[in-house]
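Biologist: Hello! This structure is new to me, so could you walk me through it with a few questions and answers?

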Amino acid sequence: MSLSPSRKNMVALAAICLSSLMFGLEISSVPVILPTLEKVMHGTLKDMQWIMNAYTIACTTVLMAVGTLADRYGRKRIYIISLVLFAITSFICGLAQDAPILIASRFLQGVAGGAMLICQIAILSHQFQAGHERSKAFGIWGIVFGIGLGFGPIIGGIIVALTSWEWVFLVHVPLTILTLILVLSSVEESSDPEAKKLDVLGIATLSLAVFGLTYFITQGPDLGFTSPAALAIIGASAASFIVFLFAEKFSPHPMFDFSVFRIRNFSGAILGSIGMNFSFWPLMIYLPIYFQSGLGYDIVAAGLALLAYTLPTLVIPPVAERLSLRYRPGIIIPAGLFAIGLGFMLMWFGSGVEHASWLTMLPGCLLAGMGLGLTNTPVTNTTTGSVSSARAGMASGIDMSARLITLAINIALMGFILLEGTLSYLRGVFAASFDPSRLRLLAEKIAAGNFAGLQQSFPELATLDASGTIVHTALIHGFGNIMLYGGIGVWVLAVISFIIFGPGKRFSAATA
């Protein structure tokens with residue numbers, strides 16, 4: 001029996017929303033299980049960083065390429081391929097028994113996830129073309145995507161509590177099969193006969209630049225930041241970025257048209273994209289370590305504590321939309337970034353008080369989440385609305401790339417700051433009792449939240465820190481550093497964004 005057009009659209013929207021839910025869950029449910037993965041896989045803090053960053057970098061790599069391929073060869077066709085690959089790679093992630101295999105499979109899962117995300121947007125744009133219907137469809141899609149991000153921590157915690165960590169990945173297999181059934185019966189095929197050629201050089205050079213910088217930050221302490229190997233990596237990363245800039249400037253079909261940065265609203269909004277992913281989302285990777293190892297919560301309690309951080313991002317966007325129309329994005333976006341920074345400062349204070357708990361962290365978590373909710377929707381609307389409709393897709397691609405690149409770099413930077421902050425505290429206490437290499441190894445285990453077996457691995461602790469107070473304080477000190485970094489950094493970006501926006505009238509897409 002064939003479906004009516006309206007019924008088809010409903011089923012298609014359900015399919016798109018289900019895959020967006022999976023994409024959101026895969027970002028926010030995995031951080032809460034990282035302490036578990038670190039223990040069962042005997043991994044390090046760097047392994048945990050790469051488990052997240054492999055996914056992020058892979059998404060960045062394919063984002064623009066898949067958009068072009070989908071336009072040329074069919075959005076439904078590429079979407080189905082991405083769904084099949086997402087199911088297969090999620091299955092491999094669930095079977096992984098050591099960190100290197102999980103990192104590699106997470107990269108492949110990120111390739112599929114990034115392709116799936118960009119196809120969702122393209123299919124929604126084609127399937128829902130009437131103004132009201134289109135707005136409603138994108139609104140529902142955004143809400144479901146936000147639910148995946150917002151409830152991911154507690155869903156991941158519950159899955160581990162009821163079954164095992166493997167099912168955080170394996171659950172996507174039956175969900176993808178259901179999505180495929182819905183897609184095959186409802187989504188219309190579409191393509192663009194005038195699709196531009198694939199910007200291979202731009203995609204390759206940008207990806208190499210991001211990977212090289214992330215690798216330099218993450219592996220730098222082991223390599224030595226001034227070692228020939230490290231200098232070669234950062235040099236190659238810089239060279240790749242320079243080639244990328246030239247490639248985009250002279251390419252007849254550039255992935256990024258840098259002329260849009262002359263538009264003040266666009267550039268100010270991109271600073272908002274960078275600000276959100278400079279602090280809020282990278283901290284999601286490390287907060288579970290703080291809640292589980294710093295405060296001693298189990299995985300479900302940690303997931304519940306994280307809801308205070310993520311749920312405001314779902315509640316505030318409708319308010320942000322109205323405020324943006326009333327006061328203009330040039331006020332609301334910097335204000336949202338400022339709120340995120342203030343939330344980080346309150347978390348820094350709450351984590352350092354005596355008898356710290358989720359209650360002392362609650363005001364900062366709520367305020368940071370409200371700031372993210374205040375910023376996110378105006379950023380998206382402003383980046384696409386400040387350019388002509390013909391360039392909206394490219395503007396959206398720059399926005400998404402800015403988010404993912406900033407996220408990848410700051411996952412690495414926050415991990416480095418956490419480790420160095422923990423190490424600096426230990427140096428002040430244990431400098432005379434440990435040689436530098438063993439002290440760094442101890443700091444790595446503490447920063448990863450791996451307290452189990454510390455006294456067996458480091459017998460000196462049995463006499464120097466039998467109660468574990470110093471070890472615990474070192475971790476809290478490291479977390480204080482990353483909260484200060486995130487708060488001050490996003491405040492700087494808020495000021496720059498406000499300056500770039502400059503004075504102006506209320507913004508609307510119609511007058512942009």
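Biologist: Which helix gives the largest share of the lining of the second largest pocket?
Modeller: Happy to help, and please keep in mind that this is a predicted model. Helix 9 (200-223), helix 10 (228-250), helix 11 (264-294) and helix 17 (392-430) each supply at least two residues of that lining. The largest share is six residues, and it comes from helix 17.

Biologist: How much space lies in the second largest pocket, and which residues are the closest to its centre?
Modeller: The space in the second largest pocket is about 370 Å³. Its lining counts 19 residues. The closest of these to the centre are Leu206, Phe241, Phe244, Phe256 and Ile405.

Biologist: How many residues of that lining are nonpolar, and how many are polar or charged?
Modeller: Let's sort the lining of the second largest pocket by residue type. Three of its residues are polar and none is charged. The nonpolar residues number 16.

Biologist: Is Ile242 buried, partly exposed or exposed?
Modeller: Ile242 is found in helix 10, and its C-alpha atom is separated by 9.0 Å from that of Ala209, 33 residues apart along the chain. The relative accessible area of Ile242 is 47%. Buried would need a value under 20% and exposed one over 50%. Ile242 therefore counts as partly exposed.

Biologist: Which residues make the nonpolar surface patch of about 390 Å²?
Modeller: A good place to begin is Leu85, in helix 4 (residues 75-95). Leu85 has 40% relative accessibility, so it counts as partly exposed. The residues that make the patch are Ile81, Val84, Leu85, Ile88 and Ile92.

Biologist: Is Arg328 buried or exposed?
Modeller: Arg328 is found in the loop between helix 14 (317-327) and helix 15 (329-352). Its phi is near 85°, a positive value in a residue other than glycine. Most residues other than glycine have a negative phi. Because its relative accessibility is 12%, Arg328 counts as buried.

Biologist: And His355, is that residue buried or exposed?
Modeller: His355 also has a positive phi, near 60°, in a residue other than glycine. Its place is in the loop between helix 15 and helix 16 (358-385). The cut-off for exposed is over 50% relative accessible area. With a value of 70%, His355 is therefore exposed.

Conventions:
Residues are numbered from 1 along each chain as its sequence is written. This is a predicted model: local features need pLDDT of at least 70, side-chain atom pairs count only at pLDDT 80 or more; totals for chains, interfaces and linings use all residues. Side-chain values use heavy atoms; hydrogens and water are left out. Patches are made of residues with over 30% relative accessible area and no salt bridge: like charges are joined within 9 Å, nonpolar side chains (Val, Leu, Ile, Met, Phe, Trp, Tyr) within 5 Å. Accessible areas come from the Shrake-Rupley method with a 1.4 Å probe; for residues, only the protein chains shown count as cover. A salt bridge is a side-chain nitrogen of Lys or Arg within 4 Å of a carboxyl oxygen of Asp or Glu. Helices (H or I, at least four residues) and strands (E, at least two) are DSSP runs, numbered from the N terminus. Buried means under 20% relative accessible area, exposed over 50%, partly exposed in between (1.4 Å probe, protein chains only). On a 1 Å grid over the protein atoms alone, a cavity is a set of points where a 1.4 Å probe fits but cannot get out, and a pocket is an open set with protein on both sides within 12 Å along at least five of seven lines; lining residues have an atom within 4 Å of a point. Grid points are joined across faces, edges and corners, and a volume is the space filled by probe spheres set on the points. Ala, Val, Leu, Ile, Met, Phe, Trp, Tyr, Cys and Pro count as nonpolar, Asp, Glu, Lys and Arg as charged, and the others, Gly among them, as polar.
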